[in-house]
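Thank you all for coming; I would like to take a few minutes to walk through one model with you. Please have the structure open while I talk.

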Amino acid sequence: MNKTTIPSDPAAAERLAALVRMKRIALGLLGAAAVLYALATMLGRSHPGWHYLAAFAEAAMVGAVADWFAVVALFRHPLGLRIPHTAIIPTNKARIGRNLANFICNNFLGTPQVLAKLQEFDAGTRLAHWLAEPRHAEQMAQHLSAAARYLLSTLDDERVRHFLRSSVVARLEKVDVSSLAGELLALLTADRRHQALLDELLQQLAGLLEDEGVQERMAEVVASELRVLKLVGLDAVAGRLATRKLISALGNLMADMGSDPDHPLRLRFDDFMVRSIERLRDDPALRERGRELQSEWLRHPALAQYLHGLWDQLLQWLQADLQRSESSLRQRVAQGAQGLGKRLLEDAAMREWINAQLMQAAPAWIERYREDIRGYIVARVDAWPTEELTTELERNIGRDLQFVRINGTLVGGLIGLLIHAVTVALRG
């Protein structure tokens with residue numbers, strides 16, 4: 001690095017300090033080799049051993065300079081000279097970004113690798129254990145409560161009320177009430193389901209007629225209409241007699257209808273339902289009248305007031321509950337999460353289903369987002385300022401590269417010493 005700036009990050013500052021120390025050590029070894037070479041050259045005539053030291057020092061200097069050149073050439077042009085194939089990282093930044101993205105995506109985010117890790121992860125069991133832990137369930141409930149409080153505070157706004165009110169009304173206006181009622185009625189009457197409803201209605205009516213209080217009121221009504229008999233005091237007797245006959249007749253009628261699926265009244269009921277469905281579906285006048293009533297109801301001020309009040313009451317209740325330390329909603333969420341976790345722990349089949357669904361969906365996710373990650377890495381490296389990228393890389397790996405210089409100095413010196421020793425031996 002030509003200009004050394006101390007980063008604000010303590011870890012980065014520590015890496016920079018370590019890089020500076022290692023550079024000084026490597027440079028110190030080069031200087032020591034140069035001093036040793038000069039001394040050995042001057043004293044070479046006094047003793048043959050100095051020639052060995054001179055050979056060691058000379059080769060050490062060559063190795064040190066060569067490795068210094070190699071290390072510096074990764075990050076910049078040595079001595080500012082634009083020698084070919086130097087400043088490799090800045091010159092090839094875009095290609096490095098593409099290769100880095102391909103390396104990460106192909107070796108770490110490949111579909112087989114990720115699927116193997118997911119299978120080993122066993123998401124179903126981990127989720128069950130996590131939810132079953134009361135502390136985790138309470139944490140989840142607290143986070144959801146905080147999010148809900150924030151959401152409610154943003155929704156408590158007249159613009160939101162107006163939007164929701166208009167959205168609800170707009171959606172309701174699009175509903176064809178007549179057709180919907182016809183379809184619903186057709187669904188309810190399919191396979192003569194309405195006959196079961198009629199049976200239930202007949203049973204309820206029979207029970208009502210058997211009630212003594214109802215019979216007494218019916219008798220009073222009948223008696224009040226018998227003005228002639230009232231003069232001779234037989235109105236009450238005639239009322240009770242008429243009521244019993246009416247109830248008996250209705251009972252026989254309901255019994256006949258209950259025992260005969262093809263009873264005329266049942267068939268008339270079927271015909272009535274069919275004609276009602278057809279009218280609701282196909283009668284333009286009825287459908288138009290339904291739309292008119294629907295429009296009048298939706299545009300009535302009472303509906304707007306009702307929706308406004310309902311929305312305000314809902315927000316107020318939710319806010320009041322979530323602000324309490326013993327929020328019932330938060331407790332229910334925590335209890336529900338913990339109970340879900342316990343049930344998952346007891347249900348191996350459900351855990352296997354969760355894992356199977358994850359394994360089934362994962363390949364599409366991996367293929368989709370792997371390319372996004374690849375593109376992000378390429379774009380990030382390409383947008384990174386060259387000097388900043390170079391500085392950051394040198395700060396992180398430069399210390400280790402200084403060992404290349406140190407090793408080059410020592411190994412070069414030993415090889416030079418070996419070559420000199422072999423040369424002397426061959427001459428002798």
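I will begin with the chain as a whole, then turn to a pair of helices, a loop, and a few contacts that join distant parts of the sequence.

What you have in front of you is a predicted model, and everything I say about geometry should be heard with that in mind. The chain contains 19 helices and zero strands. Of its 428 residues, 28% count as buried. If we take the contacts in the chain with a separation of 6 or more, 70% of them are made by residues 24 or more positions apart.

Let me go now to a helix pair. Two packed helices are described by the distance between their axes and by the angle between those axes. For helix 6, which covers residues 123-132, and helix 18, which covers residues 348-383, the axes come within 7 Å and cross at roughly 125°. Because of that crossing angle, helix 6 is oblique to helix 18. Which residues meet there, on the two sides? From helix 6 we have A123, G124, T125, L127 and A128, and they meet R351, I354, N355 and L358 from helix 18. Sorted by class, the contact of helix 6 with helix 18 has five nonpolar residues, three polar ones and one charged one.

On aromatic side chains I can be brief, since the structure holds zero aromatic pairs. There is, however, a charge placed over a ring: the charged end of R380 sits over the ring of W384, at 4.8 Å from the centre of that ring.

The next stop is the loop between helix 2, residues 49-75, and helix 3, residues 88-91, where L79 is found. Most residues other than glycine have a negative phi. L79 has a positive value, with phi near 55°, and A87, which lies in the loop between helix 2 and helix 3 as well, also has a positive phi, near 50°. Are these two residues buried or exposed? L79 has a relative accessibility of 70% and therefore counts as exposed, whereas A87, at 5%, counts as buried.

Just after that loop comes helix 3, and P90 lies in it. With a relative accessible area of 23%, P90 is partly exposed. Leaving out residues up to four places away in sequence, P90 touches L74, F75, T386 and T390. The C-alpha atoms of P90 and P385 are 9.4 Å apart in space, although these two prolines are 295 residues apart in sequence.

F75 and L74 come up again when we look at L401, which has its place in helix 19, residues 386-427. Not counting neighbours within four places in sequence, L401 is in contact with V71, L74 and F75. L401 has a relative accessibility of 17%, so it counts as buried. Its C-alpha atom is separated by 9.3 Å from that of W68, a residue that is 333 residues away along the chain.

One more example of this kind is H136, which lies in helix 7, residues 134-155. At 15% relative accessibility, H136 counts as buried. How far apart are H136 and A334, in sequence and in space? They are 198 residues apart in sequence, and from C-alpha to C-alpha they are 8.6 Å apart.

To close, I would ask you to look once more at L74 and F75, since both are touched by P90 and both are in contact with L401. I am happy to take questions.

Methods: Residues are numbered from 1 along each chain as its sequence is written. This is a predicted model: local features need pLDDT of at least 70, side-chain atom pairs count only at pLDDT 80 or more; totals for chains, interfaces and linings use all residues. Side-chain values use heavy atoms; hydrogens and water are left out. Axes are lines fitted to C-alpha atoms, for helices over the stretch in contact, and angles run from 0 to 180 degrees between N-to-C directions. Helices (H or I, at least four residues) and strands (E, at least two) are DSSP runs, numbered from the N terminus. Angles under 35 degrees count as roughly parallel, over 145 as roughly antiparallel, 65 to 115 as roughly perpendicular and the rest as oblique. Contact means heavy atoms within 4.5 Å. Ala, Val, Leu, Ile, Met, Phe, Trp, Tyr, Cys and Pro count as nonpolar, Asp, Glu, Lys and Arg as charged, and the others, Gly among them, as polar. Rings of Phe, Tyr and Trp (its six-membered ring) pair if their centres lie within 6.5 Å; planes under 30 degrees apart count as stacked, over 60 as edge-to-face and the rest as tilted. A charge sits over a ring if NZ of Lys or CZ of Arg is within 6 Å of the ring centre and within 35 degrees of the ring normal. Buried means under 20% relative accessible area, exposed over 50%, partly exposed in between (1.4 Å probe, protein chains only).
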